[in-house]
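Biologist: Let us go through this model and test the labels put on it. For each label I want the value and the rule behind it.

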Number of protein chains: 2
Amino acid sequence: MNKQDLMETTLSTEPIFDGRIFSVRKDVVALPDGQESTREVVHHKSGGACVVPLTADGMVYIVRQCRYPYADVLLEIPAGKLDPGEAPEQCAARELKEECGVTAGKLTSLGTLYPTPAYVDEVIHMFLAEELSPAVQHLDDGEFLEVEKLPLETLVEQVLSGEVKDSKTQAALLKTWILKGRK
Amino acid sequence: MNKQDLMETTLSTEPIFDGRIFSVRKDVVALPDGQESTREVVHHKSGGACVVPLTADGMVYIVRQCRYPYADVLLEIPAGKLDPGEAPEQCAARELKEECGVTAGKLTSLGTLYPTPAYVDEVIHMFLAEELSPAVQHLDDGEFLEVEKLPLETLVEQVLSGEVKDSKTQAALLKTWILKGRK
């Protein structure tokens, strides 16, 4: 089957909400067979970047923070939204410094992640950070988080056991584990 | 630091949108230090389940479908929304049958996934399906997708190279790869 045989095309669009982080719209689309349907879309305004900060002795900096939608504190790799005009690797380096007080001598792409592609268009850029040096942590106003350093192996076990739930953290840690295990 | 020292509490909530797949609200919250802030939340109405259908000879059933928010066709493991009152494993089995025309003799949990926890509350349940038997594919009305069978190893390479972008597909395939590699 050809890609064009699966594509949906926009017939009309209705703006619903224009927020700080995302906007919402409702589109009428033509399905591949010409039938009409509706699509509710969450447009993420900036996209984001995240980073696995890996030390020479196999430790990873990780943060605990409240994720309000789940009313819970989650374990995640450092991450944040792209500033206007900011390249993904700049964002990853900035968030690493701000949240963990660490700079990286080497930043390697781990690809991109589409968190929930049925209704959200966010793109998250994933990186591996190595050759780490201490810097000054600088949290944003209103940002509360706790930084820990745990062995990569322990974190991979926590992903496999289901304890780590955040999607970018699961994907980026497992990628790091497989890529590093190959060398 | 104690978990309670990181939590945010709801002061007020404003409904914004009530859609088919999700609703949107805007809450005023108290931060851990008592300051006020706002949180835009996308509430996913059902949650979902996804499944890695793995054959005895190491092949995985995978689907290609249009993901309208990205205006692209993505490669993903079979997945869908939970019906009202449906258990996650029932949903995974149903979607596997409907989308791929396959039933599973054995279903193992691969944990849950929070796709983008800063502003979405969706919970995706991940499973590994084995001991597969042919059944009758039955797509929903308006559902267009293409089913393929590819070696798990090839798909893992496509996750590592960045070609597979969907978060649940990345996490579930890498988990399967690591767990199966251990045996």
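Biologist: What makes β4 (residues 48-53) and β7 of chain A paired strands?

Modeller: This is a predicted model, so each answer rests on its coordinates. Two strands pair if there are at least two bridges between them. β4(A) and β7(A) are joined by 3 bridges, and they run antiparallel. They therefore count as paired. At one of the positions, G48(A) stands opposite K81(A) of β7(A).

Biologist: Which sheet of chain A holds them, and in what order?

Modeller: An open sheet of 4 strands, ordered β7-β4-β9-β8, with mixed pairing. β7 (79-81) and β8 (102-113) of chain A are the edge strands, each pairing on one side only. From one strand to the next the twist averages 25 degrees.

Biologist: What is the strand order of the open sheet in chain B?

Modeller: β7-β4-β9-β8, again 4 strands with mixed pairing.

Biologist: Why are β7 (79-81) and β8 (102-113) of chain B placed at the edges?

Modeller: Each has a single partner strand, so one side of each is left without a neighbour in the sheet. Neighbouring strands here are turned by 25 degrees against each other on average, direction ignored.

Biologist: How many bridges join β4 to β9 in chain B, and are the strands parallel or antiparallel?

Modeller: β4 (residues 48-53) and β9 (residues 124-134) of chain B share 6 bridges and run parallel. C50(B) stands opposite M126(B) in β9(B).

Biologist: What lies across the strands of the chain B sheet?

Modeller: Helix α1 (residues 88-100) of chain B lies across β4, β7, β8 and β9 of that chain. Its direction makes an angle of about 130 degrees with β8(B).

Biologist: How do you know that the span of α1(B) is close to the expected one?

Modeller: The helix has 13 residues, and 18 Å is expected at 1.5 Å a residue. From first C-alpha to last, α1(B) reaches 18 Å. Just after the helix, G101(B) takes a positive phi of about 65 degrees.

Biologist: Which residues of α1(B) are buried, and what covers them?

Modeller: Buried ones include P88(B), C91(B), A92(B), L96(B) and C100(B). The charged-letter positions R94(B), E95(B), E98(B) and E99(B) are on the list too. The cover includes β4, β5 (59-67), β7, β8, β9 and β10 (145-151) of chain B.

Biologist: Why is C91(B) called buried?

Modeller: Buried means under 20% relative accessible area. C91(B) is at 0%, so it counts as buried. C100(B) has 10%, so it is buried as well.

Biologist: How many disulfides does the structure hold?

Modeller: 0, over all chains. C91(B) is in none: the nearest cysteine sulfur, that of C50(B), is 9.4 Å away. A disulfide needs two cysteine sulfur atoms within 2.5 Å.

Biologist: Why is C100(B) in no bond with C50(B)?

Modeller: C50(B) has the closest cysteine sulfur, but it is 12 Å from that of C100(B), too far for a bond.

Biologist: Why is D140(A) called partly exposed?

Modeller: Its relative accessible area is 40%. Partly exposed lies between buried, under 20%, and exposed, over 50%, so the label fits. D140(A) lies in the loop between β9 (124-134) and β10 (145-151) of chain A.

Biologist: Why is strand β6 (residues 72-76) of chain A described as largely enclosed?

Modeller: 4 of its 5 residues are buried, so the rest of the structure largely encloses the strand.

Biologist: What makes β5 (residues 59-67) of chain A a partner of β6(A)?

Modeller: They share 5 bridges in the antiparallel sense. At least two are required, so they pair. In β6(A), L75(A) is the bridge partner of R64(A). The hairpin has 4 residues between its strands, and A71(A) takes a positive phi near 50 degrees there.

Biologist: Why is the relation between chains A and B called a two-fold axis?

Modeller: A turn of 180 degrees with a shift of 0.0 Å along the axis lays chain B on chain A, at an RMSD of 0.0 Å. That is the relation of a two-fold axis. The same surface serves both copies: 100% of the contact residues of chain B recur in chain A.

How values were computed. Residues numbered from 1 in each chain as written. Chains lettered and ligands numbered in written order. Predicted model: local features only at pLDDT ≥ 70, side-chain atom pairs only at ≥ 80, totals over all residues. Heavy atoms only, no water. Axes fitted to C-alpha atoms, helices over the stretch in contact; angles between N-to-C directions. Contact = heavy atoms within 4.5 Å. Buried < 20%, exposed > 50% of the residue type's maximum accessible area, 1.4 Å probe, protein only. Expected span 1.5 Å × (residues − 1). Least-squares fit on C-alpha atoms with pLDDT ≥ 70 in both.
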